[in-house]
Amino acid sequence: MTKLIQSYDLIGDIIIIRIPPEVYSKREIIAETLHTIYPWVRTIAAVPLYAHTDERYRTRDVQVIWGEEHLETMHRESGCSFKVDLKHVFFSPRLSYERMRVAQKVLPAETIINTFSGVGCFSILIAKLQPQTKIYSIDVNPYAYEYMKENVALNRVEGRVIPILGDASEELEKLEGVADRVIMPLPEYAHSILPLAVRALKSGERGGGVIHYYDVSAGRKDDDLCNVPLERAREIIASAFGNSLRLELEEKRIVRSVAPRRYHVVLDLRVAMEE
Ligand SMILES: C[S@@+](CC[C@H](N)C(=O)[O-])C[C@H]1O[C@@H](n2cnc3c(N)ncnc32)[C@H](O)[C@@H]1O
C-alpha cells in the first residue's frame with residue numbers, strides 16, 4: 001500500500017494511479033481510499049503498471065475506476081493553467097521541476113523551438129517568465145495541438161507561443177537558422193533529429209545556441225547515466241558536421257526513472273561554430 005501511495009499523480013481534479021498487476025483486482029477499494037483523502041477529486045483512473053504507451057503520441061491506456069467517465073481537466077503549475085485530456089494527450093506533473101529548470105535558463109528576447117511540445121507546457125511557462133521570447137511549439141498529435149492553442153489563449157501568450165501541428169523533423173527543416181535554443185523533450189526519439197536541431201540554431205559569427213537534449217539511459221542510479229547519451233550526441237554531431245562545431249556540456253541531470261534501471265536524462269548542450 002505504501003508503494004501505491006507513492007505512485008499516483010494528481011492532475012487538476014483527476015487522480016491517475018499506477019497499479020501493479022497483483023493488486024489490480026483491489027482497484028475499487030484503492031480508489032475509495034484515495035477519495036477519502038482527496039474528497040474534491042472528480043475522477044480516479046488507473047494505468048496498469050506496465051500499460052501500453054502509444055509510441056507516437058506517448059499516451060497511455062487509462063481506465064476510469066471511480067467517478068466521472070471524463071478525463072479532461074485543468075491543471076495549475078508554476079502560475080500557468082494547462083487544460084489536458086489524459087486520454088488523448090501526454091501530460092505529466094512530474095516534469096514540473098524540469099520545465100522550470102529549462103525556463104529559468106532562457107534569456108530575454110530569445111527565439112526558441114520546442115520540438116515535442118505536447119499541450120505547450122514548456123513553451124507557455126517560458127513565455128510567461130520571459131515575455132519577449134518567441135517560441136515555435138511543435139506537436140504531431142492533433143489533440144495536443146488543439147489543447148496547446150487553447151492553453152496559449154488561456155495563459156495570454158498569443159503571438160509569443162506559435163503552435164504548429166506537424167512532424168518535428170519536417171518543421172525543423174523549415175526553421176533552419178532561426179533559434180537561440182531548441183528543446184527536445186522526447187527522450188526515445190530526440191537523437192534521430194539532433195542534426196536538424198543543430199541546423200535550426202542561428203548561424204554565422206555569433207551563431208550557435210543551446211539544445212536541451214533528452215535521451216534514455218540504462219544502468220544503476222549511482223552510475224554516470226549521462227555518459228553514454230553524451231557520447232552518442234557527440235558522435236551524431238561529429239558525423240553530421242565534422243569539426244565545424246564545438247560542443248560543450250553545460251548541465252546534465254537524471255529527469256526521472258521510467259522502469260527498473262531505466263532513466264530519462266537531459267543534457268544541456270551548448271553548440272558553437274568553430275572559427
Ligand atoms: C513526452 S511528450 C512531451 C511533453 C511536453 N514537452 C510536456 O512538457 O508536457 C512527447 C510529445 O511529442 C509528440 N511527438 C511524438 N513524435 C513527434 C514528432 N515526430 N513530431 C512532433 N511531435 C511528436 C507527442 O505527440 C507528445 O505530445
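Which loop does Arg-261 lie in? Arg-261 lies in the loop between β12 (245-259) and β13 (262-273). Keep in mind from the start that this is a predicted model. Arg-261 has a phi near 60°, which is a positive value in a residue other than glycine. With 13 other C-beta atoms within 10 Å, Arg-261 is partly exposed.

Ala-109 makes a good companion to look at next. Its phi is near 70°, again a positive value in a residue other than glycine. You will find Ala-109 in the loop between α3 (96-103) and β7 (111-114). Is Ala-109 buried or exposed? Count its surroundings: 11 other C-beta atoms lie within 10 Å of Ala-109. A residue counts as exposed if that number is 12 or fewer, so Ala-109 is exposed.

Now step back and look at the whole chain. The domain assignment divides the protein chain into domain 1 (2-70) and domain 2 (91-273). Their C-alpha centres are 29 Å apart. Where domain 1 and domain 2 meet, domain 1 brings four residues to the contact and domain 2 brings six. On the side of domain 1 that touches domain 2, there are two nonpolar residues, two charged residues and no polar ones.

Let us walk into domain 1 (2-70) and follow some strands. Strand β1 (residues 8-11) and strand β2 (residues 14-19) run antiparallel and are joined by four bridges. Within this pair, Tyr-8 stands opposite Ile-17 in β2. Two residues sit between β1 and β2, and the strands form a hairpin. In the turn of that hairpin, Gly-12 has a positive phi of about 55°. Strand β2 has another partner to offer: six bridges join β2 to strand β3 (residues 43-48), and these two run parallel. If you pick out Ile-16, its bridge partner in β3 is Ala-45.

Next comes strand β6 (residues 80-85), where Ser-81 has its place. Ser-81 is partly exposed, with 14 other C-beta atoms within 10 Å. Setting aside residues up to four places away in sequence, Ser-81 touches Met-74, Arg-76, Leu-154 and Asn-155. You can also compare Ser-81 with Leu-125: they are 44 residues apart along the chain, and 9.6 Å separates their C-alpha atoms.

What about the interior? The largest nonpolar core has 71 residues, and those that touch the most other members are Val-119, Val-182, Met-184, Ala-197, Ala-200 and Tyr-213. Helix α4 gives this core its largest share, six residues. Both domain 1 (2-70) and domain 2 (91-273) give residues to the core, so it lies between them. Val-119 shows what membership looks like up close. Apart from neighbours within four places in sequence, Val-119 is in contact with Phe-82, Val-84, Val-89, Phe-91, Ala-144, Tyr-147, Met-148 and Asn-151.

Strand β11 (residues 209-218) is worth a visit too. Eight of its ten residues are buried, so β11 is largely enclosed by the rest of the structure. Strand β10 (residues 181-184) pairs with β11 in the parallel sense over four bridges. There, Arg-181 stands opposite Val-210 in β11.

Our last stop is the ligand. Which residues come nearest to it? Of the 21 residues around the ligand, the nearest are Phe-116, Gly-118, Val-140, Asn-141 and Ala-168. The shell around the ligand holds 13 nonpolar, three polar and five charged residues. Both domain 1 (2-70) and domain 2 (91-273) take part, with at least three residues in the shell from each. Among secondary structure elements, α4 (121-129) and β8 (134-139) each supply at least two residues of the shell.

To finish, zoom in on Phe-116. It is found in the loop between β7 and α4. Why does Phe-116 count as buried? Because the cut-off for buried is 20 or more other C-beta atoms within 10 Å, and Phe-116 has 23 C-beta neighbours inside 10 Å. Leaving out neighbours within four places in sequence, Phe-116 is in contact with Asp-139, Ala-168, Met-184, Pro-185 and Leu-186. Phe-116 and Asn-141 are 25 residues apart in sequence, with a C-alpha to C-alpha distance of 9.7 Å in space.

Terms used. Residues numbered from 1 in each chain as written. Predicted model: local features only at pLDDT ≥ 70, side-chain atom pairs only at ≥ 80, totals over all residues. Domains from an automatic or database assignment. Contact = placed C-beta atoms within 7 Å. Nonpolar A, V, L, I, M, F, W, Y, C, P; charged D, E, K, R; others polar. Near = placed C-beta within 6 Å. Core = buried A, V, L, I, M, F, W, Y, C linked by C-beta atoms within 7 Å. Pairing = 2+ DSSP bridges.
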